Amino acid sequence: MSEYDYEALGLVAGLEIHQQLDTATKLFCACPTERREPENAVRTFSRYLHPTTSELGELDEAAVEESRVDREFEYLAFDTTCLVEEDDEPPGRVDDEALDVALQIADLLDMTVVDQAHVMRKIVVDGSNTSGFQRSALIGQDGQIETDAGPVGVEDLLLEEESAGRVAETDAGVRYSLDRLGIPLVEIGTRPDIGTPEQAREAAERIGMLLRSTGTVKRGLGTIRQDVNVSIADGARVEIKGVQALDQIDEIVRLEVRRQVELLDVADELAERDAAVGSPQDVTDVFADTDSGVIRGALDDGGRVQAVPLYGFDGLVGRELQPDRRFGTELSDHAKRHGAGGIFHTDELPAYGVTEAEVGALRETVDAGPEDAVAIVADDPETAELAIDAVAERAQTGIEGVPEETRDATDEGTTRYLRPLPGAARMYPETDVPPVEPDPSDVERPELLTETVERYQSEYGLDAGLAEQVAYGRRMPLFERAVDAGVDATFAAGVLESTLTELRRDGVAVDRLTDEHLLGTLRLVADDDLAKEGVDEVLETLADDPDLDPEAAVEAAGLAGVSEDEVRDAVADVVERNADQVEQEGMGAFSALMGECMGALRGKADGEVVSDALREEIGKRT
Amino acid sequence: MNPGDRVRVERGSVANEGVLMPSTTADHLVVKLPGGYNVGIDREAAAVEVLERDVYDVESAGEDADASTVEFDDDLPTVSLISTGGTIASTVDYRTGAVTAQFDAEDVLRAVPDLAGRANYRGRVVANILSENMTPAVWQDLARAVHEEIEAGADGVVVMHGTDTMQYTASALSFMLETPVPVVFTGSQRSADRPSSDNVMNAVCAVEAATSDRAEVLLCMHASSSDDACALHRATRVRKNHTSRRDAFETVGAKPIGRVDYDDETVTFRRDGPERGATDLAIAPDLETSVELLKFTPGMNPAALDYLDDAAGVVIEGTGLGHVATDWIDRIEELIGAGTTVTMTSQCLEGRVCDRVYDTGRDLLDAGVVEAGDTLPETATAKLMWALANRSDPAAAMRESIAGELQPRSVPWT
């Protein structure tokens, strides 16, 4: 597929970046911001949620749709969570550390900080918040970042609580884990100033770099999430949630543009054909004797088959909008949203055990001609009815063009329907938390990681690649501590980046190494108590037994205490054993014997000391 | 400019358009932005332009104009819903930011659609106050209202009450009323304006209890942190034992008397009690309100009793088996000599008062103090108010069980 002319299409995109903060405690309670495994839960409880009106007396459409699905939510609680996460105790005041980090981020994004921040309740009734709302406060407005294709405005900076993590679907609803709930999260929303997929990715990378420059953001999978808002001229604003990888952003934008272009094309064609959506009706009788497994199964369980005639839609239901996603898939998404397994439609039938005769009878029953399509849902009577109505509604918006909605990103870069766009009606004040008046003069602007990379090159002489690797890496603060403690910068960078990576590849459990293990080991080398060559073995020993300290690990690895005299003796022995070779080759034997000497000393001695001794010893004989 | 106006507020380089909201501080304007966020803007530094007046009626927002049309069904029992205010019937006051009671019983029906189809409802508002503002006078109004509702044919009564002092009111009604139908108190620990409010399940379970066959005053609240069942507590044996949890209410000295399962909506009882129709409706609403509850603490000045000189009754929450410091005993004897009824309960809450074990206790008994057995201090306070106004020998009344408040046997595991 050739690339679109995005400017001609009127592409407008914006980003919402969600980043967890690495603070000591949660946003509204004193619990640690630690992630836990579901099997470590200490108790569980279950709840239901009911939508409520905003302070302006309005109900949010997204919340109402969510609550139509009556679900029971089960929550896992831990020894690291408290009654606040359980919605059984009012929230505390806004965490000071989180607010400071948010102010730092506002500064980095050139934003104006609000005079008074009001914590709001954003209604979310999918169970991911025990309260039924997410607490969120507007902290900064009106900022800007630079990209190669021009500046991108930053509309707002929000400080909010992270939701509970979804563990599993249960028979009755969903199981969530409370460890994540309440971790401070910043949400950064750009203006729709982005005009190409590449610029979207670059803007996201820039914001990611600024966030990491604070040194107080969480790292690892799921700690940063990108939402992308995309629309083209004549299309509609579509909010795509949960893009986990930065390098997916441009592809997501490309595919959403394609989807909207295709949907507009479908709409044009439907308009030309004077298409219309008929009334849903029960067509169970058509399938009374069906051999289709799906339909048979539903009917045997007391279900019904509902159909909606789509007049003038023939061929278009099967139209591909994105790779492997057709217009029919969109209809199916809406049916699934209301509990059905999916739909069948005439563009793909006969298939799935549905016979040509049944398709004919179906068309006849709903009065559909060859230019028309029919979509069907087979499920329990209530679900089938709800689902077919949702399908009819989505088909109707297909005639009009692109619907505004929230979509969910898939791993392939395509998207599926999630819910209607949430509106302002989902917000009302969190009266349990008094407003705060942030003081931006309280915080210091951190060094940008781009600046850090330059400093590592000019000050420490690291090459550009290693400097970037260290600065953007997880162990950057540790690297700084090591250098401050007198460890050679290139050596420290090599150990923290390359050595650890190699050890991990060799199956060493480097995750068990603490900052203190690493720093202590580096210091032993700096103090000449350990040879550089012995570092691998010490770290391996520590990973095997994390209770040891580095000194003890040196002992345990048998690397302790090789004096210069002992080195000389060992070197002399090697030279003596190879006297003939030394006589013939002189210094030419150096390389070969060096290896043998190091082997004899088993990495206990520093290579430079050994080479000096060896050079001296060979010199004596020639 | 007024709350509800659409405004444009310029402050420095930032311009915000939105709806002006009521502010809780004088120094800040609060504007609701199009995305729904509220933001506080320094009033002094802001330039405000009113774009459109009265876009929203902030004052009456949240009041639904459609009255519920509840149809009468002959096959269903009639339950009277009586509102006294409190969290179950409350919403947020956006002027003060506080949660206040603004709903009447009709609103509760609208707020809890799940109540439909379980009973025919009659709504009645006796008070609209937070329960910390409750007084014995309102207890009396409530008792009369419940009496009238039952007289008018209610098959059960649900009283919606703030949780802070629910146990006092429920206890008081236990003494003032003899009822042939269930009278069930309920409330909520999380306000009704949040999706996670416990009001829905508590209200549904209370109605189920009110249509059951147990004719006594009960308190119906979450049995655990989960939305799976409510516990039914005997009104005279229950206490709010937690500030914020959904399952804050606990029966002291026994297990809860019953339970309503939310899933299958069944009401079960673990101990016997008066059955529907077994008792004739009666009311004895008089109260002697000159009664105080006094908690003794180590080193407390006996002058605290000076304030109680003219009291008709005093409930002491003593230490352990029912003690106060020795230097209090003479003052207590004087009080009793002057005509005050003094009764002893324990701040242990669990267990029975016994003043025969230690010298201090024996001296208190000699001074005329009445042991309240295992009656809870709060219940004893309501009971003493009632006994002083309705019994010729209030002291004797404090030693016997009138409404299940004084358990004859100490069997807390039942």
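Colleague: Is Arg194(B) buried or exposed?

Modeller: This structure is a predicted model, and every value discussed here is computed from it. A residue counts as buried when its relative accessible area is under 20%. Arg194(B) has a relative accessibility of 5%, and therefore it counts as buried.

Colleague: Where in chain B does Arg194(B) lie, and which side chain does the side chain of Arg194(B) join in a polar contact?

Modeller: Arg194(B) belongs to the loop that connects strand S12 (183-186) with helix H4 (199-210) in chain B. Its side chain makes a polar contact of 3.0 Å with the side chain of Asp432(A). The contact thus links a residue of chain B with a residue of chain A.

Colleague: How should chain B as a whole be described?

Modeller: One may begin with its elements: chain B contains 8 helices and 23 strands. Its C-alpha trace spans about 80 × 60 × 35 Å along the principal axes. Of the 414 residues in chain B, 55% are buried. The chain exposes about 16,800 Å², of which carbon and sulfur atoms supply 45%.

Colleague: What share of the contacts in chain B between residues at least 6 apart in sequence join residues at least 24 apart?

Modeller: The share is 68%.

Colleague: How many disulfides are found over all chains?

Modeller: A disulfide is a covalent bond between the sulfur atoms of two cysteines. A search of the whole structure finds 0 of them. Cys29(A), for example, takes part in none, and its nearest cysteine sulfur, in Cys31(A), is 3.8 Å away. With a relative accessibility of 14%, Cys29(A) counts as buried.

Colleague: Why does the sulfur of Cys82(A) form no bond with that of Cys31(A)?

Modeller: The cut-off for a disulfide is 2.5 Å between the sulfur atoms. The closest cysteine sulfur to that of Cys82(A) is in Cys31(A), at 3.6 Å, which is too far for a bond. Cys82(A) counts as partly exposed, because its relative accessibility is 25%.

Colleague: Which residues of strand S6(A) are buried on each side?

Modeller: One considers the two faces of the strand separately. On one side Val119(A), Arg121(A) and Ile123(A) are buried, and on the other Met120(A) and Lys122(A) are buried. Hence 5 of the 5 residues of S6 (residues 119-123) in chain A are buried.

Colleague: Which strands of chain A does S6(A) pair with or join by bridges?

Modeller: S6(A) pairs with strand S7 (residues 133-145) in the antiparallel sense over 5 bridges. Within S7(A), Ser136(A) is the bridge partner of Met120(A). S6(A) is also joined by 3 bridges to strand S23 (residues 427-429), again running antiparallel. In S23(A), Met427(A) stands opposite Lys122(A).

Technical notes
Residues are numbered from 1 along each chain as its sequence is written. Chains are lettered from A and ligands numbered from 1 in the order in which they are written. This is a predicted model: local features need pLDDT of at least 70, side-chain atom pairs count only at pLDDT 80 or more; totals for chains, interfaces and linings use all residues. Side-chain values use heavy atoms; hydrogens and water are left out. Helices (H or I, at least four residues) and strands (E, at least two) are DSSP runs, numbered from the N terminus. Buried means under 20% relative accessible area, exposed over 50%, partly exposed in between (1.4 Å probe, protein chains only). A polar contact is a pair of N or O atoms within 3.5 Å; within protein, one must be able to donate a hydrogen and the other to accept it, and residues adjacent in sequence count only if both atoms are side-chain atoms. Two strands pair if DSSP finds at least two bridges between them. Contact means heavy atoms within 4.5 Å. Accessible areas come from the Shrake-Rupley method with a 1.4 Å probe; for residues, only the protein chains shown count as cover.
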